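Biologist: I am new to this model. Could you take me through the ligand and the space around it?

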Amino acid sequence: MTDTISLATEIAGIAFPNLMTNAAGVSCETTQELNAVLASEAGGVTTKSATPVARPGNPTPRQELLPLGSINSMGLPNRGLGYYLAYATQRQALAGQDLPAEVAAETAQHKPVILSVSGLSIEDNLAMLKDIQQSPFTGLTELNLSCPNVVGKAQLGYDFEAVVATLTEVFSHFTKPLGLKLPPYFDFFQFDGIAEAVGRFPIAYVNMINSIGNGLAIDAETETVLIKPKGGFGGIGGELVKPTALANVRAMRLRLHPDIKIIGTGGIRTGQDVFEHVLCGADAVQVGTELWREGPGVFKRLSEELRAIMKEKGYGSLDDFRGKLKTMGA
Ligand code: RRO
């Protein structure tokens, strides 16, 4: 019976009934989009990365699906931190209420919200984290250090000294559970460097990978780029990035203290992709491009596919295979 197979997970003591949520940026800019994810089989929802005040983002067209993935240069369009913090706080209050079981299920009462923030400067990030610290919200906050699409702003996650300086400031006042959204790394010196940098701090989790920054997709017929901002350069997601995502999850699981959890993001289109992320060490996973392509119904399909694989292999929970990837010796 696949009914008895659990896809539940936990991060910093916060329970997710299903390990899958949306990746920040997809189906999460408005309360309607956030609620649609919560109403699906997803285990929780991640908000669009917030800046202190609302932003319209980059000029359109700014996102396109590709045959094997996607390209985007959204430029952080969002409603501002206050909007998402109010949503997360309301959801938390709902979870604390004693509702009849059927109402609780209908409202996805116990599904957590991950509150993503991505300031355009260290000062922005510190100011937003101060607001969150002072708010009643006690759930997971995700600090995005890897937005590739703001003109003139480098991805902080590639500057390890800046990461350490930022986190030193953050943890001088922030005491709630904090995760980091990191960019993809491509070399062992980077795996070692980022693990050493973030491993100094009491982070709850790392989420990797953000899109592979500054790729280029073109239409050969019209000899034109597919998106308008930044001369057509944008973040690449979907099937194209899966091997890089798996490598990053695996590399961090081998390096970070086991108390630091990992959210695997990148290239999830099937239940087997989720299975592979968990095998590499992911505690939870996020779905971006495929959610965009398919809508929130994707979570039911992925859950069914994953349960079928687990059933076939005799696994009853994620603990049975998480991080247990086999290698072939030296
Ligand atoms: O809004 C975006 O352009 C965006 C962000 Br903040 C991010 O973190 N990753 C991405 O691919 N796009």
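The questions below deal with the ligand, its pocket and some backbone features.

Modeller: This is a predicted model, in which local features need pLDDT of at least 70, side-chain atom pairs count only at pLDDT 80 or more, and totals for chains, interfaces and linings use all residues. Residues are numbered from 1 along each chain as its sequence is written, and side-chain values use heavy atoms, with hydrogens and water left out.

Biologist: How do the residues of the shell around the ligand divide into nonpolar, polar and charged?

Modeller: A residue is near the ligand if one of its heavy atoms lies within 4 Å of it. The residues found around the ligand include Lys-48, Met-74, Leu-76, Cys-147 and Asn-149. Ala, Val, Leu, Ile, Met, Phe, Trp, Tyr, Cys and Pro count as nonpolar, Asp, Glu, Lys and Arg as charged, and the others, Gly among them, as polar. The shell divides into five nonpolar, six polar and one charged.

Biologist: Which side chain has an N or O atom 2.7 Å from an oxygen atom of the ligand?

Modeller: A polar contact is a pair of N or O atoms within 3.5 Å. Asn-72 has a polar side-chain atom 2.9 Å from a ligand oxygen, while for Asn-210 the partner is a ligand nitrogen, at 2.8 Å. The 2.7 Å pair with a ligand oxygen involves the side chain of Ser-211.

Biologist: What space does the ligand take?

Modeller: A pocket is an open set of points on a 1 Å grid over the protein atoms alone, where a 1.4 Å probe fits, with protein on both sides within 12 Å along at least five of seven lines; lining residues have an atom within 4 Å of a point. A molecule sits in a pocket if more than half of its atoms lie within 2 Å of its grid points. The ligand takes the space of the largest pocket.

Biologist: Which element gives the largest share of the lining of the largest pocket?

Modeller: Helices (H or I, at least four residues) and strands (E, at least two) are DSSP runs, numbered from the N terminus. Strand E6 (69-72), strand E14 (233-237), strand E16 (284-287) and helix H9 (289-294) each give two or more residues to the lining. The largest share, three residues, comes from H9.

Biologist: Which residue does a cis peptide bond join to Met-208?

Modeller: One cis peptide bond runs from Thr-60 to Pro-61, with omega near 0°. At Met-208 the cis bond has omega of about 20°. Its partner is found in the loop between strand E10 (205-208) and strand E11 (212-216), and is Ile-209.

Conventions:
A polar contact is a pair of N or O atoms within 3.5 Å; within protein, one must be able to donate a hydrogen and the other to accept it, and residues adjacent in sequence count only if both atoms are side-chain atoms.
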